[in-house]
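Trainee: Could you take me through the features of this model, giving the general idea behind each before the particular case?

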Amino acid sequence: MITELQKNKFYRCKALLNEHGQLEVKAVVEGVNPGRIFADQIDSPQSALIWLGNNDGFLFIGNEDNEQFNNQINDFIDQVIVPEAKKVGLYYFEGIGNHQKWNKTIEKIFKHQELGSWKQRVYKLHKENYKANNVPNIKEGYTVLKMDNALFEDNTIKNPAFLHSKILSFWASIECFLNTGIGYCIVYDRYIVSLCFSGFVVENTHCIDIETLEAHRGNKLAQKLAHYFVKDCLTQSSVPYWDCMDSNKPSIAVAENIGFSNVFNYVGYEFSFY
């Protein structure tokens with residue numbers, strides 16, 4: 001029977017992880033970032049489903065040929081995941097394999113669904129490849145600020161909810177982020193209009209999350225912040241990690257312009273809960 005693991009049992013899934021797979025999975029299993037794990041067994045899991053705490057996907061780890069787990073997963077999703085998803089306004093199941101062998105299994109398990117798919121690219125940046133000369137100039141009126149205690153306590157910021165909601169979608173608390181993550185933002189007229197910060201962290205690797213408000217896109221704000229983020233990472237001997245959709249050409253262009261290298265790709269699958 002598929003059972004949800006308590007957080008103090010997450011370590012039992014470490015052996016199921018693909019060392020060269022997604023950083024987000026490791027961050028949840030190691031208890032750095034929030035998430036839930038549903039496994040075939042409590043004591044010695046062979047296969048499991050990880051629900052990322054930011055609701056940005058469900059990842060399958062472990063043995064892709066585990067018939068007991070595979071035969072139960074559809075009923076489990078219907079009976080447990082769907083009601084929980086409704087509570088948080090999630091309407092799609094986005095399933096991803098932690099290794100490529102899961103792809104065929106996912107296609108088989110969910111063949112009765114209207115299954116869509118997309119491609120993701122993962123990039124990393126090493127110090128010797130950083131293109132420090134490509135820092136763009138940005139228009140007057142935009143100010144870069146570090147995401148530190150002072151920013152979170154700044155009462156003059158007009159849209160603090162944007163900052164707080166972004167951080168708390170990845171982290172259990174603001175304090176957890178400040179203790180572990182790195183981040184920068186751009187302020188315009190005391191509004192935070194662009195953010196670049198550590199969404200997930202495992203040891204010295206920081207997974208970038210980046211967002212610019214629509215009205216301010218096209219001004220190279222994301223690229224500017226990415227340089228600040230990268231420089232901070234490299235100063236601390238940390239590795240910046242960038243995971244983006246293959247169809248997101250602007251994001252890919254920013255990553256490659258800074259010197260990131262494509263280290264692996266993977267496929268995601270989706271279907272509607274309703």
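Mentor: Gladly, and please keep in mind throughout that this is a predicted model. We can begin with Asp40, which sits in the loop between strand S2 (35-39) and strand S3 (47-52).

Trainee: How should I read a charged residue of this kind, and which side chain of opposite charge is nearest to Asp40?

Mentor: The general approach is to look for a partner of opposite charge, and a salt bridge needs a side-chain nitrogen of Lys or Arg within 4 Å of a carboxyl oxygen of Asp or Glu. Here Asp40 is buried and yet has no salt bridge, since the nearest side chain of opposite charge, that of Arg12, is 11 Å away.

Trainee: What lies 2.9 Å from a polar atom of the Asp40 side chain?

Mentor: That is the backbone nitrogen of Gln46. Once neighbours within four places in sequence are left aside, the residues in contact with Asp40 are Met1, Pro45, Gln46, Ser47, Asn66 and Phe69.

Trainee: Turning to the nonpolar interior, which residues touch the most other members of the largest core?

Mentor: The general idea is that a nonpolar core is a set of buried residues of certain types joined through side-chain atoms. In this model the largest such core has 42 residues, and Ile37, Met147 and Ile167 touch the most other members. Its largest share, 6 residues, is contributed by strand S9 (residues 191-202). As for Ile167, residues up to four places away in sequence are not counted, and those it touches are Met147, Phe152, Ile174, Phe177 and Phe197. Another core, of 24 residues, lies apart from the largest one, and Tyr184, Trp242, Cys244 and Ile258 are among its members.

Trainee: How many disulfides does a search of the whole structure find?

Mentor: A disulfide is a covalent bond between the sulfur atoms of two cysteines. The search of the whole structure finds 0 disulfides. Cys207 is in no disulfide, and the nearest cysteine sulfur, which belongs to Cys244, is 10 Å away.

Trainee: Why does Cys244 not bond to Cys207?

Mentor: Because the sulfur of Cys244 is 10 Å from its closest cysteine sulfur, in Cys207, the separation is too far for a bond. Cys207 is buried, with a relative accessible area of 5%, and Cys244 is likewise buried, with a relative accessible area of 5%.

Trainee: Is Asn70 buried or exposed?

Mentor: Relative accessibility is the value to consult, and buried means under 20%. Asn70, which lies in helix H2 (residues 67-87), has 13% relative accessibility and therefore counts as buried. Leaving out residues up to four places away in sequence, Asn70 touches Glu64, Asp65, Trp102, Thr105 and Ile109.

Trainee: What of the backbone, and where is Asp189 placed?

Mentor: For the backbone, one can look for positive phi in residues other than glycine. Asp189, in the loop between strand S8 (183-188) and S9, has a positive phi near 55° and is not a glycine. Lys220, in the loop between strand S10 (205-212) and helix H7 (221-235), has a positive phi of about 65° although it is not a glycine either.

Trainee: How many residues apart in sequence are Val187 and Asp40?

Mentor: They are 147 residues apart in sequence, and in space they are 47 Å apart, C-alpha to C-alpha. Val187 lies in strand S8 and is buried, with a relative accessible area of 3%. Neighbours within four places in sequence aside, Val187 is in contact with Gly141, Tyr142, Thr143, Leu145, Ile157 and Ile192.

Conventions:
Residues are numbered from 1 along each chain as its sequence is written. This is a predicted model: local features need pLDDT of at least 70, side-chain atom pairs count only at pLDDT 80 or more; totals for chains, interfaces and linings use all residues. Side-chain values use heavy atoms; hydrogens and water are left out. Helices (H or I, at least four residues) and strands (E, at least two) are DSSP runs, numbered from the N terminus. Buried means under 20% relative accessible area, exposed over 50%, partly exposed in between (1.4 Å probe, protein chains only). Lys and Arg count as positive and Asp and Glu as negative; His and the chain ends are not counted. A polar contact is a pair of N or O atoms within 3.5 Å; within protein, one must be able to donate a hydrogen and the other to accept it, and residues adjacent in sequence count only if both atoms are side-chain atoms. Contact means heavy atoms within 4.5 Å. A nonpolar core is a set of buried Ala, Val, Leu, Ile, Met, Phe, Trp, Tyr and Cys residues joined through side-chain atoms within 4.5 Å. A disulfide is a pair of cysteine sulfur atoms within 2.5 Å.
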